[in-house]
Amino acid sequence: MPVIPEGVYIETVVQSIGTGSTARKQEIRNCYLAKSLDEELVQVQLMDMDDKLLPIFEKVPWADFQRRFKHEPDYFARKKSPLEKKVDQAIAQAEAHVRRQEYNSAEFEYNKALKLDEENVRANFGLGKVYLSTGEMDKAKATFAKLAKIEAVFEVKNKHVFNELGIELRRLGLYDQAIDYYLKALSFAQDDEHLHFNVARAYFEKGDLKNSMLFLGKALTMKPDLTEARKLLQAIEKAGGY
């Protein structure tokens, strides 16, 4: 029998609750720390709601262990700290205020989150959008420029922010910041034709037709039928830059 990876395993137990017409079934997920004792037995130790080990052990035959337990290798990585929970709560409240167009309250909650985590992508982006909504363009520019320098923006989980941030930087006329931002993104994904196009567009709007054409050429080499790139090429030709 193989030796199991030591770590957290989940057992889902279905329990019946209530009686008669009120009877219903409920799934309960119990967490255990498991390790192989030998080729036949696995020891599991129950964990409480705070992930502390309880003095409750069970020795489970290998076949039963396979049937009952599921490995959760990233269990602790997915758990949020009390600080992270406070940040998420403040951001959720800010977003609720935004939906009701209560921008002063939203700004307060976003800033509360940023006092706890000054590089939080979601909070910085939300705050920048609030400033756009209230017409405070200088604050919006400063917030988005700051966000463009935060490494976490380039993580997959922040893809929605990544796409929108470049657009906002360009719309605000922050062409140098937009270009630096996209060039940094290209260091992670050099074969992305859309990123090359975005650099080309930022250069074009800045008035730098030479560099715009340079990156546009790369985009079109990767994808000759990229519609947006073809339209930009026409604009550059019309401007006399080709």
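**Figure 1. Strands β3 and β4 pair up antiparallel.** In this predicted model, six bridges hold together β3 and strand β4, which covers residues 53–61. Want one pair to look for? Find Gln-45, then look across to β4, where Phe-57 stands opposite. The two strands belong to a hairpin with five residues between them. While you're at that hairpin, check out Asp-51, which takes a positive phi near 65°.

**Figure 2. On its other pairing, β3 meets strand β2.** Strand β2 takes in residues 24–36 and runs antiparallel to β3, with five bridges joining the two. Here's a pair to pick out: Tyr-32 has Leu-46 of β3 as its bridge partner. This is a hairpin as well, and four residues sit between β2 and β3. So β3 takes part in pairing with both β2 and β4.

**Figure 3. A look at how covered β3 is.** Strand β3 is made up of residues 41–47. How many of its seven residues are buried? Six are, which leaves the strand mostly covered. As you trace the strand, keep a general rule in mind: side chains in a regular strand alternate between the two faces of the sheet.

**Figure 4. Arg-170 and the residues it touches.** Now hop over to helix α7, residues 159–171, where you'll find Arg-170. Is Arg-170 buried or exposed? Its relative accessible area is 8%, and because the cut-off for buried is under 20%, Arg-170 counts as buried. Which residues does Arg-170 contact, once you skip its neighbours within four places in sequence? They are Tyr-175, Ala-178, Arg-201, Ala-202 and Glu-205.

**Figure 5. Zooming out to the chain that holds these close-ups.** Count along the chain and you'll get 11 helices and five strands. The C-alpha trace spans about 80 × 45 × 40 Å along its principal axes. The chain's radius of gyration is 26 Å, whereas a compact globule of 242 residues would come in near 18 Å. Buried residues make up 37% of the chain. Among contacts with a separation of 6 or more, 42% come from residues 24 or more positions apart. About 14,900 Å² of the chain is exposed, and carbon and sulfur atoms supply 51% of that area. As for charge, there are 37 positive and 38 negative side chains, and the centres of the two sets lie 4 Å apart.

Notes. Residues numbered from 1 in each chain as written. Predicted model: local features only at pLDDT ≥ 70, side-chain atom pairs only at ≥ 80, totals over all residues. Heavy atoms only, no water. Buried < 20%, exposed > 50% of the residue type's maximum accessible area, 1.4 Å probe, protein only. Pairing = 2+ DSSP bridges. Rg over C-alpha atoms; globule rule 2.2 N^0.38 Å. Contact = heavy atoms within 4.5 Å. Areas by Shrake-Rupley, 256 points an atom, 1.4 Å probe, with all protein chains shown as cover. Lys, Arg positive; Asp, Glu negative; His and termini not counted. Charge placed at Lys NZ, Arg CZ, Asp CG, Glu CD.
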